[in-house]
Amino acid sequence: MKKSSSFIKSLAVGLATFLVLVVFAYGFAVTNINFAETRSERRMASLTRILRALAHPKIFDYNFETVNVEVPFYLGCPEGGVEPPKVDRSGAFILVSAGCAEPKETIVVEGYNFQENSAGPINFIGFSADAPDGVPIQMGSFQADAQGNFRVEATIPNRQIKEDPQAIRAVGRVRVGAPMISQEAKVTWDKIVETVFMALLATTFGTLLAVPISFFAARNLMVEVKSPLSSIALSLIGWALGMGLGVAISRLLTHFQTAFFSSFLATLAGAIILPILGSLLARLTLFNQNKEMDLRFKSRLVNVLYSLFAAALILASILFLGKLLLQIGAYLTPNKDVPLYFLRKFVSQAGEIFTILAPVVAVLVFGGIVGGFFGQIGQTVSDKTSPASSKVFNLIVAPLAGAIAAVLILRGLDWFYQFNNPAVTLYWPAGIGAAIGLALALVVSSKQPLPIGFIIYGIFRTILNGTRSIEALVMAIVFVAWVGLGPFAGALALALHTVASNAKLYSEQVESILSGPLEAIQATGANRLQTIVFAVVPQIIPPYISYTMYRWDINVRMSTIIGFVGGGGIGFILQQNINLLNYRAASVNMLAIAIVVASMDYISSVLREKFV
Amino acid sequence: MLEVKNLSKTYDGGVQALKNVSFNVKQGEFLAVIGLSGSGKSTLLRCINRLIEPTGGQIVWDGQDVTAASQDEMRHIRRKIGMVFQHFNLVSRSKVITNVLAGRLGYVNPMLSALNRFPKSDVAMALDQLDRVGIKNQAYKRADELSGGQQQRVGIARAMMQQPAMILADEPVASLDPVLAHSIMQYLEKINKEDGVTVLCSLHFLDLVHRYADRAIALNAGELKFDGSPADINDEKFREIYGKDAERVG
């Protein structure tokens with residue numbers, strides 16, 4: 001019994017080994033592994049050439065002093081031979097073993113009186129009617145000895161035989177002066193700075209977006225969020241209304257601003273007065289809510305109206321500040337040659353950021369205010385009315401919300417797929433959405449809290465996982481098409497990838513926090529925002545800092561190759577140098593990458609240790 | 001003041017943690033909740049302020065139906081119910097004073113508090129509460145720099161910041177040594193006697209129950225097995241609460 005089982009065991013092991021061998025054999029076949037090729041002389045020669053070039057990064061360059069020495073030479077010996085050329089022996093001179101030769105024939109070139117250790121090519125110069133100055137073809141190269149003499153064999157190039165005299169020229173070059181930083185090294189420095197800052201900007205802006213997103217993708221925070229159908233449906237309607245309101249108001253404000261406030265002083269006045277008014281109003285409404293929580297509908301409505309007004313004022317302030325900065329920036333940068341151009345330019349760029357962000361903020365803030373208020377109404381309906389009447393309420397609002405959501409989604413898809421057909425973008429989705437809403441309202445018991453938080457969590461997770469699976473290199477291709485070749489496209493691609501991966505990593509950190517403090521803060525009567533600020537944020541700051549540093553490190557590494565697809569940075573010239581077979585310059589680029597990546601590695605690990 | 005009627009809780013996995021538990025608590029009472037680990041003590045306490053949603057029954061507090069309260073009303077109710085935890089549940093990276101001030105979160109303006117701004121009167125009150133539990137000098141240390149006993153005092157100070165009418169203490173001394181346990185229990189007793197705060201306290205050790213509690217209720221596998229004076233727990237009752245093979249210690 002025992003014997004047979006051990007036999008089966010060894011058979012199984014043997015079979016497994018055989019299978020592994022088969023797998024690897026197949027792997028060798030599909031990866032075209034070819035050892036004969038690696039030994040071939042031609043391959044070895046090119047390997048040697050490249051490795052030697054890479055081992056000599058062209059960091060330093062020298063000035064050269066050049067001496068050209070030329071003797072006449074006949075390609076194809078004329079009948080009767082040629083006279084040996086007269087040679088001036090006062091300076092450097094060369095002697096050629098014959099005054100004429102057939103193509104592909106080997107001759108001997110001797111040189112005398114060159115500067116010691118000078119070196120350079122020996123060229124055949126072909127003259128013709130098209131090129132009266134001659135076209136040099138390199139036949140060989142020389143390296144003079146300490147006396148300035150050399151003797152080399154060179155092969156005549158395979159060219160058409162000519163009657164007119166051609167020439168053999170030796171170009172002796174010798175280094176003079178101290179070594180200088182090479183042009184390649186200067187370009188590398190510029191590009192490596194570009195690379196590091198590309199990574200810095202991508203990390204910063206990606207992180208800014210990733211932090212709020214990470215809360216929505218954290219399971220432990222989101223599963224607790226449950227609302228009855230009436231609240232979900234109404235808040236969906238509220239969000240749609242609020243977002244529409246946000247778009248309308250930001251359009252209106254922009255229009256108003258361009259129409260009436262074009263002069264600098266008017267903009268300045270607006271940029272000063274509006275924020276003051278907005279913050280005063282915010283203080284009145286948000287910060288000075290009567291201390292006892294007032295749960296009545298009327299006071300809530302008043303509060304929402306105040307909040308909307310305050311939000312509109314703050315939006316207007318953002319727009320005015322943006323315009324003010326743009327105007328100041330335009331005044332500061334009359335041309336590109338002013339000192340500290342980049343700082344002045346940044347003023348108008350900051351203004352542009354404000355102008356771009358204003359509508360986005362408007363949509364989110366207005367959507368949030370109205371959606372939140374509607375959600376509260378829905379919650380109150382579910383809390384305070386009888387099951388039957390809240391069921392009726394659900395039957396009305398759920399189909400409406402479903403229809404709105406479906407139409408909005410199809411509107412978004414329409415942009416991609418250009419249906420251009422109201423049946424597809426309006427009637428069908430409205431009908432199907434309403435049907436789903438109606439079905440939900442019928443099936444779900446009217447007061448049962450639905451796991452809306454879990455659904456939102458699922459949506460965020462799916463989007464993040466999808467985005468994360470696309471490499472920044474691939475994203476860069478899209479951004480290059482949008483903003484053109486260069487580091488801006490690379491920074492955008494890296495930033496987007498940073499949002500996706502860091503939001504995922506962050507949310508995992510949120511999921512691993514201790515639940516005790518969370519529970520304790522909730523027990524004090526804190527609301528959701530307060531719970532996050534007091535119980536979640538203190539716990540996640542160290543891992544967030546650590547992951548941000550880590551991401552910067554990764555982004556520096558990524559940004560070194562994002563140039564391969566046109567994303568700017570050092571990868572751009574590295575690829576160029578490789579394609580031009582300029583391996584010594586490529587070697588400088590690689591050296592710079594190695595130094596930067598290694599030092600980033602070190603710096604980020606030191607900083608992480610400090611913060612955590 | 002607190003009425004618990006037929007309270008039941010069945011967890012998602014099907015575990016029935018509470019079965020038809022009913023009892024009343026009078027204003028100013030010190031009620032001990034005893035029972036084995038897993039008998040439902042923590043679940044009971046957390047159902048009262050709805051950190052855990054009960055699946056059946058009713059809780060009435062101060063004439064208000066806690067089980068039917070909306071989220072906003074619930075936050076309103078929680079302000080008046082302080083809670084003290086076995087593992088203190090402080091935010092360890094925050095300062096002691098921040099932890100204590102967190103007790104005011106239900107009262108203060110949500111926006112300002114999110115920016116970590118509290119009224120001066122609240123800060124003074126926090127220092128007073130820390131003084132009361134004898135660790136005012138530690139107020140600006142990080143919470144995790146304190147010893148276990150000190151951390152639990154911070155926990156009590158946090159609960160007291162709510163100006164509670166009732167404190168739920170979930171095994172407040174289970175992770176402390178006996179000497180510290182008594183000092184913490186004395187703070188709770190002081191709060192109970194001097195401030196008239198009702199205390200519901202789950203406890204492991206019967207001698208602590210005898211020493212501090214006015215009344216005790218006992219849970220076994222989610223069922224109420226005893227409701228009366230601690231002095232009435234005789235050997236027979238003891239075995240009913242803790243199982244046949246249990247022996248008294250301490």
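In these legends, a residue is called buried when its relative accessible area is under 20% and exposed when that area is over 50%, with partly exposed in between.

**View 1. Chain A as a whole, in a predicted model.** Here we take in 18 helices and 10 strands. The radius of gyration of chain A is 38 Å, well over the 25 Å that the globule rule gives for 612 residues, so the chain is more spread out than a compact globule. Its C-alpha trace spans about 125 × 100 × 55 Å along the principal axes. By the definition above, 38% of the 612 residues are buried.

**View 2. A:Glu37 meets A:Arg43 in a salt bridge.** The closest N and O atoms sit 2.6 Å apart. Both ends are partly exposed: A:Glu37 has a relative accessible area of 30%, and A:Arg43 has 38%.

**View 3. A salt bridge ties A:Arg461 to A:Glu511.** Look for a gap of 3.5 Å from N to O. This pair links distant parts of the chain, with A:Arg461 in helix α12 and A:Glu511 in helix α14, 50 residues apart. A:Arg461 is buried at 12% relative accessible area, while A:Glu511 is partly exposed at 28%.

**View 4. Over in chain B, B:Arg215 pairs with B:Glu29.** Their closest N and O atoms are 2.7 Å apart. B:Arg215 belongs to strand β9, and B:Glu29 to the loop between β2 and β3, 186 residues away along the chain. This time both partners are buried: B:Arg215 comes in at 15% and B:Glu29 at 8%.

**View 5. A:Glu519, B:Arg46 and B:Asp170 form one network.** Salt bridges with shared partners join these three residues.

Note on methods: Residues are numbered from 1 along each chain as its sequence is written. Chains are lettered from A and ligands numbered from 1 in the order in which they are written. This is a predicted model: local features need pLDDT of at least 70, side-chain atom pairs count only at pLDDT 80 or more; totals for chains, interfaces and linings use all residues. Side-chain values use heavy atoms; hydrogens and water are left out. Helices (H or I, at least four residues) and strands (E, at least two) are DSSP runs, numbered from the N terminus. The radius of gyration is taken over C-alpha atoms; the globule rule is 2.2 Å times the number of residues to the power 0.38. Buried means under 20% relative accessible area, exposed over 50%, partly exposed in between (1.4 Å probe, protein chains only). A salt bridge is a side-chain nitrogen of Lys or Arg within 4 Å of a carboxyl oxygen of Asp or Glu.
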